[in-house]
Amino acid sequence: ADWQGIWCDEAYLRTLRNSYSPKAAFAASHIPMLLVDMAQKTVGVSYHMHEMPVFTISSVDASGAVALADQPQDILSLTFLEKDNKIRLEYTDGQLEKITATFINISPEIDRFEQTFGAYMNAIVLAGDYQDEAGNPYHFDTQNADWNGKQFRYAMMLDFIEFEPLDVVCEANEQGICQTMYGFAANGSVLQLYEYNDDTKQIGKRLFELVRPSSY
């Protein structure tokens with residue numbers, strides 16, 4: 001099997017699909033993503049979407065068990081499960097609780113993996129057609145938005161800190177850097193967007209309530 005690619009924790013994905021909330025998924029998985037580069041023989045381990053140290057693969061035995069050079073203390077085992085085409089990771093979290101997680105491959109492409117991973121998450125939570133109360137159209141694809149004729153790139157926050165009260169999406173520039181930020185709440189049928197001040201972590205008034213036409 002070719003293990004190259006972006007791998008996502010099944011618990012993270014399951015929580016995201018059930019809640020439509022990156023903030024809820026963030027709380028569900030201490031290590032939500034692995035980045036495997038078989039050409040360089042490395043594994044990147046994403047801790048809460050915040051930092052991703054990279055470890056060298058020393059060997060992979062016949063059972064799929066991966067030995068890492070300079071193995072970190074919190075990584076107990078890493079195994080390529082060829083029969084299931086999954087990766088199993090055993091590790092300890094910040095409270096030293098032992099976690100066993102399984103990861104599925106969401107893309108073999110590892111260049112610009114942040115954009116690929118973000119687009120995959122956007123497709124689950126936000127992508128689709130909506131209407132406001134006046135029937136005006138709003139659309140999200142996996143990277144761009146069109147709000148009743150206002151077109152821009154957008155980014156959904158996946159890395160949270162303690163004081164962020166709500167899921168956040170932002171208008172982004174061509175480099176993907178956030179400009180105007182909005183709090184949001186979604187349930188798959190309705191999307192509410194709020195004013196949001198990232199400096200004070202305060203939610204303002206509701207700006208839009210958008211509904212998928214298929215929900216009427």
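**Pockets of the predicted model**

The largest pocket encloses about 740 Å³ of space (a pocket being, on a 1 Å grid over the protein atoms alone, an open set of points where a 1.4 Å probe fits, with protein on both sides within 12 Å along at least five of seven lines; the volume is the space filled by probe spheres set on the points, which are joined across faces, edges and corners). Its lining comprises 32 residues, and Glu114, Gly118, Ala155, Met156 and Leu158 are the closest to the pocket centre; lining residues have an atom within 4 Å of a point. This is a predicted model in which local features need pLDDT of at least 70 and side-chain atom pairs count only at pLDDT 80 or more, while totals for chains, interfaces and linings use all residues. Residues are numbered from 1 along each chain as its sequence is written, and side-chain values use heavy atoms, with hydrogens and water left out.

At least two lining residues come from each of α3 (113-125), β12 (150-156), β13 (167-172) and β14 (178-186), helices (H or I, at least four residues) and strands (E, at least two) being DSSP runs numbered from the N terminus. Helix α3 makes the largest contribution, with 7 residues. By type, the lining holds 18 nonpolar, 9 polar and 5 charged residues (Ala, Val, Leu, Ile, Met, Phe, Trp, Tyr, Cys and Pro count as nonpolar; Asp, Glu, Lys and Arg as charged; the others, Gly among them, as polar).

The second largest pocket has a volume of about 170 Å³. Among its 14 lining residues, Ala28, Ser29, His30, Tyr91 and Ile99 lie nearest the centre. Two or more residues are supplied by α2 (22-28) and by β8 (98-107), and β8 gives the most, 3 residues. Here the lining of the second largest pocket divides into 6 nonpolar, 6 polar and 2 charged residues.
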